[in-house]
Amino acid sequence: MIIDSHVDTPTQLIRYKRNIGVVNQEGQVDFPRMKAGEVDGAFFALYTPPEMKGAEATRHALEMLGATYDACDEYADVAALAFSPDEVAQNRAKGLISVMLGMENAEPVGESLSLLRAFYRLGVSYVTLTHNADNAVADSAAEGTRWGGLSPFGREVVAEMNALGMMIDLSHASDKTFWDCIERSAAPVVATHSCCRALCSHRRNLTDEMLKALGEKGGYVGINFYPYFLSDRFDEAKAWRPGVSEIVDHIEHAVALAGVGHVGIGSDFDGIDDCTPEGLGDISKSRLVLDEMRRRGWAEKDVIRVAGQNLLDVWCRIVNCSE
Ligand SMILES: [Zn+2]
């Protein structure tokens with residue numbers, strides 16, 4: 001079982017009208033390729049670009065949400081939405097791929113807790129607080145100048161997400177936003193698609209202290225497959241690309257700090273253009289990461305945890321905290 005904590009497929013559904021019921025030559029995710037790779041589910045991110053603001057962002061998120069619903073309706077014999085860990089298990093028992101919903105960039109919520117609750121009721125299970133711009137909720141890793149972490153409204157968002165059982169996703173967040181959430185959130189927090197800064201210096205990767213704190217809080221990090229986040233050796237010339245070996249290096253580093261129960265896979269497929277790691281051209285190949293872990297002597301029970309069980313477990317913990 002593989003459960004991926006972050007793919008950007010909804011953007012592809014509306015931008016390129018991708019039919020995800022068939023094998024595509026473009027992009028990295030569709031239902032047949034998930035099936036071929038034994039990927040049982042993925043969080044589909046409703047991604048709003050940083051330059052899109054206000055009502056336009058809200059409309060954009062709703063359009064992606066609708067397109068994702070439509071795709072699941074059209075291919076109801078292969079996939080179904082899952083709004084809870086229980087529904088993932090139910091879908092799996094029926095042999096269906098689970099499509100979970102996340103929102104990447106809280107801009108569509110504006111400054112309204114009612115909108116946050118509405119998106120939750122529509123099935124959005126996590127919110128990545130920012131993308132590459134500071135917004136009304138929090139500062140981002142790419143800017144990080146507006147609030148010095150969470151905004152006053154962002155603190156209300158954190159409390160409300162705790163109450164609802166929504167996952168607070170800190171990928172893209174500034175370091176200060178990260179630490180504010182570690183301090184303020186009553187529930188574990190997650191980073192759905194992030195790597196380790198000790199192995200690759202990108203500002204958006206997590207420091208050792210952050211990985212440790214994430215684990216101690218019962219949270220989760222999904223290791224990202226984007227070559228720029230995996231290795232400082234990767235550059236514009238693209239003469240060399242990181243592959244499964246570098247991905248497993250990040251997994252092992254994160255496990256050493258956060259613990260084996262707190263790490264998973266958050267590929268970022270469909271959000272990385274055609275810049276994929278060596279040998280991992282699409283989601284059907286994600287399983288090669290697990291093969292590399294086995295080759296390095298990982299116990300099968302731990303491979304299973306990283307492949308998806310940890311993500312479902314943290315989701316359960318966060319839901320339980322709300323009850
Ligand atoms: Zn992202």
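Which residue stands opposite Met103 in S4? The partner is Leu46, and this pair is a good place to start a tour of the structure. Bear in mind throughout that the model is predicted.

**The whole protein**

The protein holds 12 helices and nine strands. Its C-alpha trace spans about 45 × 45 × 40 Å along the principal axes. For 323 residues, a compact globule would have a radius of gyration near 20 Å, and the 18 Å of this protein agrees with that. Buried residues account for 56% of the 323 residues. Of the contacts with a separation of 6 or more, 71% are between residues 24 or more positions apart.

**Strand S4 and its partners**

Now back to S4, which covers residues 97-104. Eight of its eight residues are buried, so the strand is largely enclosed by the rest of the structure. You can see this on both faces: Ile97, Val99, Leu101 and Met103 are buried on one side, and Ser98, Met100, Gly102 and Glu104 are buried on the other.

Several strands pair with S4 or with its partner S5, and the table sets these pairings out.

| Strand pair | Sense | Bridges |
|---|---|---|
| S2 (residues 39-47) and S4 | parallel | seven |
| S3 (residues 79-81) and S4 | parallel | three |
| S4 and S5 (residues 124-128) | parallel | four |
| S5 and S6 (residues 167-169) | parallel | three |

Individual residues help to locate these pairings. Between S3 and S4, Ala80 stands opposite Ser98. From S3 the chain passes through helix H4 (residues 85-93) to S4, in a right-handed β-α-β crossover. On the way to the next strand, Glu104 of S4 stands opposite Thr128 in S5. Here the chain goes from S4 through helix H5 (residues 113-121) to S5, and this β-α-β crossover is right-handed.

**Strand S5**

How many of the five residues of S5 are buried? Five of the five are, so S5 is largely enclosed by the rest of the structure. Met103, which faces Leu46 in the opening pair, also stands opposite Val127 in S5. With S6, the residue to look for is Tyr126, which stands opposite Met167. The link from S5 to S6 runs through helix H6 (residues 152-164), and this β-α-β crossover is right-handed.

**The nonpolar core**

Some of these residues return in the largest nonpolar core, which has 102 residues. Those with the most contacts inside it are Leu46, Val127, Ile168, Leu211, Val221 and Ala254. Helix H10 (residues 244-258) gives the largest share of this core, eight residues. Val127 makes a useful landmark: apart from neighbours within four places in sequence, it is in contact with Met103, Ala106, Met161, Met166, Ile168 and Asp169.

**Helices to look for**

Helix H3 (residues 54-74) has 21 residues. From its first C-alpha to its last it reaches 31 Å, close to the 30 Å expected at 1.5 Å a residue. Its buried residues include Ala57, His60, Ala61, Met64, Leu65 and Ala67. What do the buried residues of H3 pack against? They pack against helix H1 (9-15), S2, S3, S4 and H5.

Helix H8 (residues 208-216) is another one to find. Met210, Leu211, Ala213, Leu214 and Gly215 are buried in it. Leu211 is also among the residues with the most contacts inside the largest nonpolar core. The cover over the buried residues of H8 includes helix H7 (175-184), strand S7 (190-191), strand S8 (220-223) and H10. Just after H8, Gly218 takes a positive phi of about 85°.

**A last stop at Ala89**

Ala89 is found in helix H4, the helix through which the chain crosses from S3 to S4. Is Ala89 buried or partly exposed? It is partly exposed, because 13 other C-beta atoms lie within 10 Å, whereas a buried residue has 20 or more. Ala67, by contrast, is one of the buried residues of H3. Ala89 and Ala67 are 22 residues apart in sequence, and 24 Å separates them in space, C-alpha to C-alpha.

Conventions:
Residues are numbered from 1 along each chain as its sequence is written. This is a predicted model: local features need pLDDT of at least 70, side-chain atom pairs count only at pLDDT 80 or more; totals for chains, interfaces and linings use all residues. A residue is buried if 20 or more other C-beta atoms lie within 10 Å of its own, exposed if 12 or fewer, and partly exposed in between; C-beta atoms are placed from the backbone. Helices (H or I, at least four residues) and strands (E, at least two) are DSSP runs, numbered from the N terminus. Two strands pair if DSSP finds at least two bridges between them. A crossover is right-handed if, with the strands pointing away from the viewer, the path from the first strand over the helix to the second runs clockwise. A nonpolar core is a set of buried Ala, Val, Leu, Ile, Met, Phe, Trp, Tyr and Cys residues joined through C-beta atoms within 7 Å. Two residues are in contact if their C-beta atoms, placed from the backbone, lie within 7 Å. The expected span of a helix is 1.5 Å times one less than its number of residues. The radius of gyration is taken over C-alpha atoms; the globule rule is 2.2 Å times the number of residues to the power 0.38.
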